[in-house]
Amino acid sequence: MTAATEVASLTIDGVRNAITERRFTASALAEEFYAQIKREDPEIGAFLTLSKERAAAKAAEIDKLADAGKPLPPLAGVPVAIKDVMVTRGVRTTAGSKILENFLPPYDCTAVARMEAAGAVMLGKLNCDEFAMGSSTENSAYHPVRNPRDKSRVPGGSSGGSAAAVAAGMAVATLGSDTGGSIRQPASFCGVVGLKPTYGRVSRYGLIAFASSLDHIGPFARTVKEAALVLRTIAGRDPMDSTSADVPVPDYVAELEKPVKGLRVGVAKEYFGAGLDPEVRAAVEAAIQKLAELGCAVVPVSLPHTEYAIPTYYIVATAEASSNLARYDGVRYGFRARGARTLSDMYRLSRDGGFGMEVKRRIMLGTYALSAGYYDAYYLKAQKVRTLLTRDFDEAFRKVDVIAAPTCPTPAFRLGEKVNDPLAMYLADIYTVTANLAGIPGISVPCGENHEKLPIGLQLLGRHFDEATMLRVAHAYEQARN
Amino acid sequence: MKVTEKDVTYVADLAHLELTEDERARMLRDLNSILEYVERLNELDTDKVTPMAQVSDRYGVDESRQGSERFAYASREDVRNGLRESLPHEGALGNAPDTDGTFFEVPKVIER
């Protein structure tokens, strides 16, 4: 069987080939990964729940196929883990919140079901900021996650567990969710690949709602090719989500091999302004230079409304959140405060006891922005600026095929550094939120390290439903760099 | 200061939150600081800009189709169990904090 170091470097294809060639079984591999989790996770804190029975059953099913010499599905035996905002039938799903501490969902999220149907073995559920609200995973109601690259630092958030699990070799690939950067930012902080698809590309059925017009599910992996393979698995129309688009899904893996020569890469000065760490700037500029060497044309573009993205986002996202989180009332599921004498006291005390500070803050902000007298000034205004931000991209993508930018203004910050300043925390998402507001796809690919060996991420943004071109450029860059 | 203590109380009430004294003070400070930052949106003239609530009504749709025809793929016959079986009774009650086996139980709704 494989040694621990080998476990941490396995790829999706590597797993499938090894099982096909009977070098190891899916069951033994799952055991190896649980051993790796036992060794690594006490110091990292990526997992909230392990689903050993479910993993063993799936692995046995794959081993049976292999025993019978049958062809194996694309993710056969691949140990994966899922951010705890995606519901899993009979496996505790908390959204990182105390209000769902004992919640056992009665159905499976479509993306998870598609991963398992493709042969993936779900090891467990991953820690995150409560209801995916945060940029450091310090808002988890359970425990923070530490960055495997430097344990005094955050892994980013809100999908901090998903990024850390891949970075520490505790899963080959994971799923996360991205409402304002929550896949790309932690991928950048932990030195792995993280992809947010186009809005509507991946069904949100079974994703616990934070901000429905901004929420996306997407993969984390160590390579672009593996991210492409997972995206191919989970993408495509789902009748259970009426916002999932009826757009054909290309073979993203096959598309990777097409040449990038002649593609136009846009660079927007608005993504290289004040606040950008000099070492991050240097690494991203070097990556763009590398793309030029590969034959891409580097074209300046302008995204003039970029500075308005964060305020727009924090109105739209909190308004939607205040509505979505109204369902947690202590009646049908979740935490209920005891001893309330009236129904309305029960609602208030349950929500008060069940939600953490950041969730309350966002519910308050969103409720305020939607309340009588303020709706036009805040919510309607933000929706209009959202149109302007989206038009910026429409305009830019007339001239270029992808846009290259930093994923984050800085490398991973220290635990506790921003926890008492919500605005400073929100600004960690300054380069990522626009893609959520416009619904365009984005990916973060490792592009170097700073002097403290902290990873830096290159962000590539693509046209609506053109993940294929974005992935192709990301793959070409990754190959050229290695 | 745009948001007052009275606003915090009013909004907390709308949102069905109780909030401790300490949380109210933090909320007052944080909401004001965030909304002050949001004020910069007023630098933009948006009088003639249409608001955008959704991405999915403008991208990835068949442009040659109009109105509800555009979203024909997202509709289905209005029949019982159209997409899947409904949850069984036990499944629907399974996570409830209090039930009598048939209904969800809550404190008295009418105050008397």
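Two residues are in contact, in the sense I will use throughout, if their C-beta atoms, placed from the backbone, lie within 7 Å. What I am showing is a predicted model, in which local features need pLDDT of at least 70 and side-chain atom pairs count only at pLDDT 80 or more, while totals for chains, interfaces and linings use all residues. Residues are numbered from 1 along each chain as its sequence is written, and chains are lettered from A, with ligands numbered from 1, in the order in which they are written.

Let me start with one residue, Ile456(A), which lies in strand β11, residues 455-462 of chain A; helices (H or I, at least four residues) and strands (E, at least two) are DSSP runs, numbered from the N terminus. Leaving aside neighbours within four places in sequence, Ile456(A) is in contact with Ser188(A), Val280(A), Ala283(A), Pro411(A), Cys447(A), Gly448(A), Glu449(A) and Asn450(A). Of these partners, take Ala283(A), which is 173 residues from Ile456(A) in sequence and yet 7.3 Å away in space, C-alpha to C-alpha. Is Ile456(A) buried or exposed? Ile456(A) counts as buried because it has 28 C-beta neighbours inside 10 Å, where buried means 20 or more other C-beta atoms within 10 Å of the residue's own, exposed means 12 or fewer, and partly exposed covers what is in between, again with C-beta atoms placed from the backbone.

By that criterion, helix α8 of chain A, residues 224-234, has 11 of its 11 residues buried, so this helix is largely enclosed by the rest of the structure. Its buried residues include the charged-looking names you may notice on screen, Lys225(A), Glu226(A) and Arg232(A), alongside Val224(A) and Leu229(A). After α8(A) comes Gly236(A), with a positive phi near 115 degrees.

Turning to helix packing, the axes of α10 (residues 278-293) and α17 (residues 467-481) of chain A come within 10 Å and cross at roughly 100 degrees, the axes being lines fitted to C-alpha atoms, for helices over the stretch in contact, with angles running from 0 to 180 degrees between N-to-C directions. The two helices, α10(A) and α17(A), are therefore roughly perpendicular to each other, a label given to angles of 65 to 115 degrees, as against under 35 for roughly parallel, over 145 for roughly antiparallel and oblique for the rest. Ala287(A), Lys290(A) and Leu291(A) of α10(A) meet Val473(A), Tyr477(A), Ala480(A) and Arg481(A) of α17(A).

Next, the domains: chain A is assigned domain 1 (1-306 + 377-482) and domain 2 (311-376), with bounds that come from an automatic or database domain assignment. The centres of these two domains of chain A, taken over C-alpha atoms, are separated by 28 Å, and their contact takes 33 residues from domain 1 and 27 residues from domain 2. On the domain 1 side of chain A, the largest share, nine residues, comes from α14(A).

The same helix matters for the count between chains, where 58 residues of chain A are in contact with 47 residues of chain B, and α14(A) gives the largest share of the chain A side, 11 residues.

Finally, chain B has three helices and zero strands, and its C-alpha trace spans about 55 × 55 × 25 Å along the principal axes. Buried residues make up 15% of the 112 residues in chain B.
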